Amino acid sequence: MVLDDLGSSLRGSLNKLQGKSRLSKEDVEEIVKEIQRSLLQADVEVALVMDLSKSIKKRALEEEPPGGTTARDHILKIVYEEMVELVGDSTEIPLEPQTIMLAGLQGSGKTTTAAKMAWWFSKKGLRPAVIQTDTFRPGAYDQAKQMCERAEVEFYGDPDEEDPVKIAREGMEATDDADVHIVDTAGRHALESDLIDEIEEIEEAVNPELNLLVLDAAIGQGAKKQAQEFDNSIGIGGVVITKLDGTAKGGGALTAVNETGSSISFLGTGETVQDIERFEPNGFISRLLGMGDLKQLSERVERAMAETQAEDEDWNPEDIMKGSFTLKDMKRQMDAMNKMGPLDQIMDMIPGLGGGLMDQLPDDAMDVTQNRMRSFEVIMDSMTESEMENPRSIGASQIRRISQGSGKDEETIRELLEQHKMMERTLKQFGSMGDGDMKRMMKKLENQGGGGGMGGMGGGGLGPFG
Ligand SMILES: Nc1nc2c(ncn2[C@@H]2O[C@H](COP(=O)(O)OP(=O)(O)OP(=O)(O)O)[C@@H](O)[C@H]2O)c(=O)[nH]1
């Protein structure tokens, strides 16, 4: 996402402030210019950017930094607070029975978002159902059905019925025992009056508590008008921004949110049902500024750990700390990492790693790491049960056999065994650490990023796959 550039372009100017205790007018000008350039490039509306620059400038020059604060921290705090203000609060989504209707342009990601949201609600202990009323796009029914199967949530649709209002009404009845109804609608342009009449009729039939506007992060200035029109017809209570994982700019969607006075509810960060995040303004801006987002990270780690554990009841990550670490444990850890999502997204959430360090890595570093993990998985599939339990017993002849079975060269298999040894050693060191050492280490990590706790890291942690 181009908004990401904000963090890296600011870093240069911020680094120049190293060692300074006061901000000069020139320092502030330079930083504000960087912010303007990044935001305008990301398609944020000019008037909005100007307002933001004015507030930052005023505060940076007039506010007295609290004692002991460096010039760098002072301006970073102001930029952070003003950016949080710009993106606004998160839409309130109560964890209780409700009906939510999704609206938006064609291809904005409504169907995908419906299944993702249903998955999200199911993880919160509610019973969701998706009702698919898109009779316009031929593939919509199958797509929604498949995604809901993957998300393991209830689905209602009728491929033979042409009237979306009838599907909506029947869908609400058929899924009567669900707590949360998520109603997907066909993509429409807010300026097409017959399609707008139709969505108003669907709304009447399902009587939603909340209407969400789904916007593709790539939408530019057109977002503002669309958002206003949808707001006038059905009333928009919140916005979902999708495809934030791509190269999209994101700024148009931010402008739309600001203009309609609504707020962001969810972010879509990929094509699978798990790629959804509840929008948290603080974490979002921290990540944008390269300050990391420990809350989101620990939620992901906890979820991935819980899923891996649910699939394999005998496994307890705490055991690794106590005794031996086999290849089976390593594979489970890799599974858990895969469940957390793409590595570059995870890295962005780690304070001190997001931004600065990531910029120094070659562009394909994350792909290389992910490909390596994939190769390791294929290799492990070619090992016997006893080899997985006792990797130290694997000698040259076994390596040859595994190489033939997996189609991977012997060198990669040796690398895997080396990697395993390294992780085993590291975990042994962790295991022998006293509580005090561990706390000191966690404190150090927190201080590097300034925020949150690493509570959810569990025993597995992020292995040294780099
Ligand atoms: N990378 C990425 N792709 C996404 C995301 N959300 C949706 N997509 C993709 O965007 C395309 C359109 O998504 P849909 O969910 O079909 O969009 P829609 O709004 O229901 O489309 P219509 O029914 O035609 O209006 C699909 O190929 C999705 O896989 C996301 O967060 N990230």
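1. The shell around the ligand is made up of two nonpolar, 14 polar and seven charged residues. Here Ala, Val, Leu, Ile, Met, Phe, Trp, Tyr, Cys and Pro count as nonpolar, Asp, Glu, Lys and Arg as charged, and the others, Gly among them, as polar. Of the 23 residues around the ligand (C-beta atom, placed from the backbone, within 6 Å of it), Gly109, Thr111, Thr112, Gly187 and Gly268 come nearest.

2. A word on the basis: this is a predicted model, in which local features need pLDDT of at least 70, side-chain atom pairs count only at pLDDT 80 or more, and totals for chains, interfaces and linings use all residues. Residues are numbered from 1 along each chain as its sequence is written.

3. Which helix gives the most to the shell around the ligand? That is α5, with three residues. Both α5 (110–123) and α6 (140–151) supply at least two residues each; helices are DSSP runs of H or I with at least four residues, strands runs of E with at least two, numbered from the N terminus.

4. Do look at α7 (residues 164–174), where Pro164, Ile167, Ala168 and Gly171 are buried (20 or more other C-beta atoms within 10 Å of a residue's own, C-beta atoms being placed from the backbone). These four sit on the same side of α7, because they cover an arc of only 100° around the axis, taken from the directions from the helix axis to the C-beta atoms. Their cover includes β2 (128–132), β3 (154–156), β4 (180–184) and α8 (193–206).

5. Finally, Phe279 lies in the loop between β8 (276–278) and α11 (281–288). Phe279 is buried, because 22 other C-beta atoms lie within 10 Å.

Notes
Buried ≥ 20, exposed ≤ 12 C-beta atoms within 10 Å, placed from the backbone. Contact = placed C-beta atoms within 7 Å.
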